[in-house]
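This report describes a single chain, from individual residues to the overall fold. Please have the sequence and the model in view.

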Amino acid sequence: MQTLTIRLRTRTPLWTGGIDGSMDRIHETGLLGSLRWWYEAIVRGLGGWACDPTEGDRCPDRQGRYCDVCKVFAGMQSC
Ligand SMILES: [Zn+2]
């Protein structure tokens, strides 16, 4: 496994509020969820496969394959 470090600078205010709607800190899971959502949209828009667990379509499939999105986000951790 390789490590990829990405340094980002925001251009607009970030909102990653918690369950109570307050922005007390940056919630890393909110960032990853947003990045994943946009990456799924791009992958689907380009004809790729992005699993959808809400539809019972999740990774890995019966042959042990992962979708194009899970290949990037599986095991990704915030630091
Ligand atoms: Zn997947």
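## E55 and its surroundings

E55 is exposed, because 7 other C-beta atoms lie within 10 Å of its own and a residue counts as exposed at 12 or fewer. The structure is a predicted model, and the values here are computed from it. E55 sits in the loop between α1 and α2. Its C-alpha atom is 15 Å from that of E40, with the two positions 15 residues apart in sequence terms.

## Other positions in the loop

D52 is also placed in the loop between α1 and α2. D52 has 13 C-beta neighbours inside 10 Å, so it is classed as partly exposed; the exposed class ends at 12. From D52 to C67, a step of 15 residues along the chain, the C-alpha separation is 9.8 Å.

The loop between α1 and α2 (68-73) contains P60 as well. The peptide bond that joins C59 to P60 is cis, and its omega is near -5 degrees.

## Helix α1

Helix α1 covers residues 28-45, 18 residues in total. At 1.5 Å a residue the expected span is 26 Å, and the end C-alpha atoms are 26 Å apart, so the two values agree. In general, an α-helix has 3.6 residues a turn, so residues three or four places apart point the same way.

After α1 comes G47, which has a positive phi, near 90 degrees.

## The segment before α1

I6 belongs to the segment before α1. Is I6 buried or exposed? I6 counts as exposed, because it has 5 C-beta neighbours inside 10 Å. I6 and P60 are 54 residues apart along the chain, and 26 Å separates their C-alpha atoms.

## The chain as a whole

The secondary structure amounts to 2 helices and 0 strands. The radius of gyration is 15 Å, well over the 12 Å given by the globule rule for 79 residues, so the chain is more spread out than a compact globule. Along the principal axes, the C-alpha atoms fill a box of roughly 45 × 30 × 20 Å.

Buried residues make up 3% of the 79 in the chain. Of the contacts between residues at least 6 apart in sequence, 26% join residues at least 24 apart.

How values were computed
Residues numbered from 1 in each chain as written. Predicted model: local features only at pLDDT ≥ 70, side-chain atom pairs only at ≥ 80, totals over all residues. Helix = DSSP H or I, 4+ residues; strand = E, 2+ residues; numbered from the N terminus. Expected span 1.5 Å × (residues − 1). Buried ≥ 20, exposed ≤ 12 C-beta atoms within 10 Å, placed from the backbone. Rg over C-alpha atoms; globule rule 2.2 N^0.38 Å. Contact = placed C-beta atoms within 7 Å.
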